[in-house]
Structure formats: C-alpha cells, structure tokens
Amino acid sequence: MTETTSPEDDIVPPQEVPEMDLYHPHSFLTRWIFSQDAKVIAIQYSLVAISIGMVALVLSWLMRLQLGFPDSFDFIDAADYYQFITMHGMIMVVYLLTALFLGGFGNYLIPLMVGARDMVFPYINMLSFWIYLLAVLVLVSSFFVPGGPTGAGWTLYPPQAILSGTPGQEFGIILMLASLMLFIVGFTMGGLNYVVTILQARARGMTLMRMPLTIWGIFIATVLALFAFPALFVASLMMMFDKILETSFFMPAMIEFGEKMSYGGGSPILFQHLFWFFGHPEVYIVALPAFGIVSDLLSVNARKNIFGYRMMVWAIVGIGALAFVVWAHHMYVSGMNPYFGFFFATTTLIIAVPTALKVYNWVLTLWRGNIHLTLPMLFALAFILTFVNGGITGLFLGNVIVDIPLSDTMFVVAHFHMVMGVAPIMVIFGAIYHWYPLLTGRMLHNGMGQFHFWVTFLGAYAIYFPMHYLGFIGVPRRYFELGETTFIPDSAHDLNAFITVAALVVGFAQLVFLFNLFWSRRNGIVAERNPWKATTLEWQTEHMPPTHGNFGKDLPIVYRWAYDFSVPGAESDFIPQNMATKDVKLAEGMTVADLKAEKT
Amino acid sequence: MSFFSEIASKPWTDEQIKVDDQFKGHTFTLPKAMLGLRVLLVVVTMFFTLLAIAYSGRMTFEDWQSLPEPGLLWFNTGLLLVSSVVFRWTKSATQQGRNGKVKLGLFLVGALAFAFLIGQLIVWQQLADLGHFASANPANGFFYLITGLHGLHLLGGLVAWGRTTLRVMRGKIGQEKLLLSVEMCALYWSFLLVVWLAMFLLLLVT
Amino acid sequence: MIVALVLIFIALGSVVFHVVNPWWWTEIASNWGYIDDTIVLTFWITGTVFVAVILFMAYCILKFRTEKGRRAHYEPENKKLEIWLSVLTSIGVAGMLAPGLIVWQQYVTVPENASEIEVMGQQWQWNFRLPGKDGRLGKTEIRFVDDDNYFGVDPNDPNGQDDVLIEGDDLHIRMGKPIKFLLRSVDVLHDFYVPQFRAKMDLVPGVITYFWITPIRTGTFDILCAELCGIGHHEMRGSVTVEKDAAFQEWISEQETFEEVQAAALHRKLNKELAQNELEPRAKN
C-alpha cells in the first residue's frame, strides 16, 4: 500500500485523504444533546458512565458495611446484599469501565490522535450513545420494580438466576438481560466506528506503527469487544427465552422447593462457557486501553520514548488473540470436563509472558529517563504497582490446581479488584488529570489531586492486599455474613472491619475528585498549549480545546512516530508527530545529519 | 504490505520514515461504509457461529428430539436464493447505469425477501399447529431462536433496502452513492443467504 | 523522593506483612499437601518478581528524577535485553505450571479403590448417600423425587435398596481411605467446599461431577457452599467428621437405608388411610 520514492524527494505529496462531509450542528439541541461530534459524545458517555459508577460505588459501601459490621445494619438483609454485589459488579465492569474506556476515551481520543476530523459514521456514533443511555436507564429501573434488581451475582449463572430462590427473579433479571442486550447493540455501533476510523481515516503519514499505544490499546480492545460481546448477547437472549418462553436451553430437570419444574434437558454449563467466552476477553477490553494509555503517560512524563515500542504492540495484539483461548480458567471448579484444565491452565500462564514483558518495558522506560512526577505520572506508577500485584495473583488462579482451594474465596475478590478494578481505575484517573486541560483549557487543582492520589492509592492497597489472606484462610466470597464457623478466627472479622473503614475513606476521597472536576472547570489555572509537552496530535490542534472538526483548515501530516522524546541533536526534548524534520530546531552545533545519525 | 510485516517495521529509523511518509492514511482501498459493513458481517458471523456451536453441543445429549422440517422451508430457501441472485443482477445493472432495470431489480428483491419472511412465519404456524412449541424441548427452542434471529437480520437488511429504493424512486442519489448502496445491500443479502444455508443444513442433518 | 520511599515501603512492607500476619490456611486434613506446596512455590517465584520490579522502579525514580540539565537517554529498543527477559519469564512461568499440571493429573485420576459417597445439594442444605453393603449406589432421577423419596432413588434399582441416606445431617467418613465424592444437585448450582480438604467442585443439576480425597486426620470440619445459590447461600452449612474405621462402622449402622425409609413411608401412608377410613362415615353402605 506504500511505495517508496527517491530519497531526494523531500516534497510532501498533496493531501490525498479526502475531506469528509462534516456534520454541522444548527441548534443547541443538535450541538449538545443530539450531537454527532465524537468529542461531545465522548463527554456524554463519560458523564453517564461516571454517574452510574457512583451508584455502584455507593452499593459497594453498603455491602462493605454489612461485611465489616454484620448485624449492625437492619436495613440490609440477605436479599439486599446479593442485589448489591450483583449490581455493583455488573455496573463497574460493563457500564462503567467498558463504556468509559471505549465510549469515553475512545470517542475523544481516536479522531484526535489519528488525525481525523471526526468518527467516520457520526450518526451511528450518536445512536450508540443513546442506546447506551437507554441500557443504563433500563438497568436503573430494575431498582424500582417489585422484587428489585437481580441478585444472581454478576455472572448471572442459571438456573438460579431465573428461579425463585434468587432475589429479583421476576422482573430484575429480565431488565438486566434486556439492558445487557441493548448495551451490546449500542456498543457494536460505536465499535464499528472506532475500528473503521482507525483503519481508514488516519492522517497522511500515520502508519499503524506511528500510532500512539493509546490507540493500539483501544483498537485491539474494540476488536475483542466486537468478537466477545456476541457471546454475551446469545447467552442473554437464550436465558431470556428460558425465563419468558420457558424453553430449556440452560435448564435441566429440577425441583424447586419440592415442586418439579417443567424444564428439562438444558445445560447450565453451556451458559458458563458462553458467559466466560465473553467474560474473559472483557477483562482485556478493560485492560488493553489501560495498557495503552499508561504507556503514553509514562513516556511523556519520563521524557523518553516508550521502551520497546514494537514489543508493546506485539504484546497488545498477542494478548488480544490469546484472550479468546483462556476463558474456561474461570470454570475449573464448574464441573466441566476436568481434562480441559490442562489446556486452559497452559494458555492462561502463557499470557503471563507478554504481560510481564509489558511491565518490564514500562519500568525500563523509566530507566535513564528524565522523570517528572506529575499527577498523571503518579497514577501511572501506582498502576504499575497494583497491576503487578494483581497480575501475579492471577498466576495463582490461572494455575488450575492452585485455583482449586482459592476459587470462590475472598482471594479471587482481592485479585480481580486489584487487577481490573484498582489498576485500570488508576489509569482512568491518570488519563483524566492528563487530558483535562485539553477538554477544558484548565488544569485540575494540584493540591486536591495529590490528596486524591495518595488516599486512593494507599487506601486501595490497604483494602485489597490483606483481603488475599482472608482467601487463604478459606473465607468464601458472596457471603452475606460468615456466621459460625470453626476455621475463621476472630481476627479475620477485625480485618474485615478494617477493610470496610478503608473502603469508606477511599470512597469519600472520590468525592474530592469529583469536586475538583467541577471546581477546576471555572477556577483551575489556565493551561498552556500542550502543558505536558506531548508529541501526539491531540495537543497540536489549532484551538485548545479542539473545536468542531478537530483540526484547522488542513488536516495534520504526520512525519514521525509518537515517541520522539529527547532525540539527540534536537534542541527541545520532544518533537511533535506533525513536525517535519526540516522544521526541527537543532541544538547548538548540530546538523540534521546528527539528528538522524544517532538514531539506531 | 501485510499486517504482520507492517507491525514488524521500526518506525524510528530513517529508512522506515521515508516509507511511512508516503502513507496515504487508510489501510484498505475500500469505501469506509463498505469496510464498516464487512466488520459488522464478521460480528454477525461470530453470533451465528456461537449459536451453531451451542446447538451442536446440546445435540450430543441422549434426550435430543429432532423437529420435523416442513417442506415449505425448502421453498423459502429457494425464495431467498432467487432474491440474492436478483440482487447480483441489480448490482450489475447499476454498474451499467440502467436505472429502469435497477428499479425493477430492487422491487423484485424486496418482494422476494418479504415473501421469505412470510413463508418463515407460516412455517412457525405449521409447527405450532403440530404442537411443537418453543418450550417443548431444546431442539424446538433452537429452531425458533435461529430462524427468528435470521429473520430479524433480514428485516434489518430490508430497512437499508427501503432507504436505497426510496432514494432511487426520488432520483435523488448520485450514481456513485447508488452503486455503493446497492453493492452493500447485495453483499448483505448474499451473506444472509450463506448464513441461512448453513443454519438450514444444521437443522436438516439433525 | 517520597514517592520512591513509599514504593520501597510497600514492596518490603508487603513481604513483612506476609511473614507476620496471623492469617494463613487451615491445617490440612486431606492428601492434597501438594497443592499447598505448589502455592508456596508460586509465592516464592511471583514474590521475587514483585519485589524486584517495584524496587527497580523506586531506584529509577530516585536516580532519574528530573533536574536541571538532565536529558533522557534515547533508546527505542534493546532486542537482547528483551529476549533475555522473555526467556527468564518463560522459565519462571514453566516452573509454576509444570508442578501444577503434575498435581492436577493426580487430582483428576481417582484411585481404583476409592469408595463412593454421593453429595446431594438443594436450596439450602446438604444431603448425603452412602452405598450399603453391596458397595454400590443406586441410580437416581429427578422424576422419582417426591416427599418420601427425597433423593430420587430409582425404586426398581436393586443397588439402591441398601443405600444409606443422610438428610440434612452430618456426614461421617473414614480416615485414611480414598473417597470419591459424587456431586449432584436437584435444583441450582452449589459447590461442596471444606476448606481443610483444599479440594472443591460445583454441584450442577443434570450432571454428576466428582472429586476425590483421602482424609489424613480425624476431626469435624465445616462444609460450606462456595457457589452463590440464592438468598440462603451463606446459611447452607453442614459438617463432616473424619473418624477411625470402628467409629465409622458404628455410626453408619445407626443410619436409615433407602429400603427402611420407603417402608416407613408406606407405613405412615397406610396408617393415614386407615385413620381416614375410620373417620369417614360409610356413606356408601
């Protein structure tokens, strides 16, 4: 697709990417509400995701109160508790993390970072948001129906999910399934946009290997999501049939409290396979954008190119591919054929290799860097620590025999919160501190930011690190109360109380962050152009914040990869992607030849 | 250049910079909408593949009871086949710019597709009359699920078909855009035909 | 400075916490000591990597913190280093995986002389069925379940007549003898979980799952459900007592068999009919 020209040919060929017909808003309604501008859609996505995330946060406080101080809160009964954990899990994983990383960051950053004026299908992009909003509303409505939301656990395992022993089995589960299906339809619309925009609407010169890792992460995560979500859709639809039409896809012959049921012949394990065929890639749908973004945060703040860029790309692609052959490691104790254990333990531990390489490359980026400990950098460092911690406990759970005693205990809860809760959320915070000036033209308040960082980072570690040890004792997860046992010591109850207090403190620190978001919008220090001295295109727009159409009259032309930091021979310690070599200001006594000579 | 050799390149070297500077900004020489459609078709393929896997996984259980296949299904399959062929014919008519033929082709395609959908509904009616309800056993459930989903996808295609046809009627569409619309619809129709044949085969052999 | 110190503190503090904290697994009561060993091995390998990575990171922050005149090094990649790191990581991963798979092979290979015990879960209690003198369990099916045949034992299966039924009560097992637990549910998913045994497995309606252990010490242990099974999940408790052969024989001889339960049920039914007949006036005559 590319042809080389003679080396003397320094003249830039004319713009060959056809200008797209931009959609132009005509009223307040079409500018801010039914907007087709990806930047506005991104903010809409983010606001809805953060709002519903706050609901999930409050639910986590309630369940922590019950766990830390059982018998103290009359207003939480067992049914409430199981509803809280279910809604907390589902909201956090799907409606917050997936929506925020792809719908929020994806929409904002893809067109800007690849040098496009907008997404390629703006109308479908808008529909995507509105269907997402509808999905969220349907989900929220389940709090207000008789019986309340479903309490089947976020995994929604049948048969219990639709039987009467489980809270919310009348309407809650139906609304949950409907909401998930809506989410998937909405996401698919958005996902088509992200993929096609990245493939077909880049700026001139923006080859795949010149893209920043943020885009790589979002791109591969979107591809994963497009492949994985159909499995959840199929599973939801079939369970919906089982519930409403009384088909027996997942329902074997059963007795429900002494009564024989009309179901027969279905397989509950089939649902688990479908669910985890979606569920495991889902982990990477959240993790890959985080990997990408954190790479860029580290590189910018260490003023150094990301170490081993090619390896980073390969690792993202490799992890994405492997993500589809490991799903049954969630099912080691599910009763599936035990010989599957050999295969899935092996594939799972193989994933550790590219993942570990990513970690090494992040810390090697710091080596011989010029490290600025800005707020985004602090969050990036916190990500590395929590991710390594959560990643290695994954090696426990992925290794089939080690998983047997630990599965369904608090160890699992601690593991996945560390690795796909705390770690990606650290990146989300880092990313918000990093890109807030681009969105608003102002910096977030540093003092509040420092407070928010330290409380969140240390607090989250204090919550989840000791929690692993509850799992070693054998404390099971999803227990409304531990009750009387012979093996759980009293000190474990004290630890539970401590975790609850820490969780409340960390939770309230998030309110400071939210306040900062609103306060700095008006009162923050006015940001310079490109305050972090980044090389990527989103900081090189004509206006900051970027206006409709992103770039000025002409689309940018890209001359280099995204990581030209501290290039020997150049005066500045960064060269933007759209700066031609002839425009680079050289350090004293250097020539263009020096600039090139030291590049290996 | 293939994807793999592309991601093996070193973007920071002088040689690679010269190559990369010539890059035009898009990976495929396809219209964006066509690429979008193709990605969508991959997603839908995934969707039906998972259903097929679930179906064949369930089939291995001892208590599996197959469903009778009404003869009408063969007729419906024929309708869909003809509809798809006519769409190909319409496509070449569009390429030649013969608008009269295009209009005729589009009408025929729509009529055949609607006939297919009605035919499928009659099949459901026949099966229900024989007492084969969805809840009777998993094979029935799968039959209704798969045929229903396929029908819904065809309905979705008919929306796109309707938009294209309306525009042709009003004559408010440029030749290039019309060709793209017709090409995309024709591709979608062929795709749904293939999906149907695969699913029909699966239902037949069991 | 502070950042680096905090990172060092967390890395070393985690190790100290690991050593001094009072929370560790329960004393093992089954033959699965290898599982514990594999966990300890995994701890060593992953713990080393964790501490090394975090300390290296802290060192970089101390050493390469921005200051006047500092400029980062320009180094896109270092193939040799990356290959070394991949190889080392692969060795570490293989070091955890290989022993894990060997133990898993043992876990899925049930010894021939293992005696079978059926665990039947329902919302929200544990029931057990032990084979009688013939050493074999009778067939079960959901359609046989009724008020008098809780387990759904096939009344026509001769193997099932002498099966010992434990309904919602404690289970006793023999020390030192391998046992294959056959797991079955009549309603939803459950999971048979005794922390001291280390092993666990889901109960799935419609299929029979299994795992095996050999108890190695006597004592009474809690049985918990480890798969969210509805509103009473946390109350689904039971207990299992491991005891010497003599005590076990005494216990099992006191339990009712399927035949006895059926006979008692028939007896009750006849009595009831008799009582009803006496109460009803003989209208027909």
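**Two chains, mostly helical elements**

Chain A holds 15 helices and two strands. The model is a predicted one. Chain B has seven helices and zero strands. The two chains also differ in how their spread sits against the globule rule: chain A agrees with it, whereas chain B is well over it.

**Secondary structure**
- In chain A, two strands accompany the 15 helices.
- Read from the N terminus, chain B runs α-α-α-α-α-α-α.

**Overall spread**
- Why does the radius of gyration of chain B count as more spread out than a compact globule? The rule gives 17 Å for 206 residues, and chain B has 22 Å, so chain B is more spread out than that.
- Chain A has a radius of gyration of 25 Å; a compact globule of 600 residues would be near 25 Å, so the two agree.
- The C-alpha trace of chain A spans about 85 × 50 × 50 Å along its principal axes.
- For chain B, the box along the principal axes is roughly 70 × 45 × 20 Å.

**Burial**
- In chain A, 65% of the 600 residues are buried.
- In chain B, buried residues make up 31% of 206.

**Contacts along the sequence**
- What share of the chain A contacts with a separation of 6 or more joins residues 24 or more positions apart? That share is 80%.
- For chain B, 79% of contacts between residues at least 6 apart in sequence join residues at least 24 apart.

Methods. Residues are numbered from 1 along each chain as its sequence is written. Chains are lettered from A and ligands numbered from 1 in the order in which they are written. This is a predicted model: local features need pLDDT of at least 70, side-chain atom pairs count only at pLDDT 80 or more; totals for chains, interfaces and linings use all residues. Helices (H or I, at least four residues) and strands (E, at least two) are DSSP runs, numbered from the N terminus. The radius of gyration is taken over C-alpha atoms; the globule rule is 2.2 Å times the number of residues to the power 0.38. A residue is buried if 20 or more other C-beta atoms lie within 10 Å of its own, exposed if 12 or fewer, and partly exposed in between; C-beta atoms are placed from the backbone. Two residues are in contact if their C-beta atoms, placed from the backbone, lie within 7 Å.
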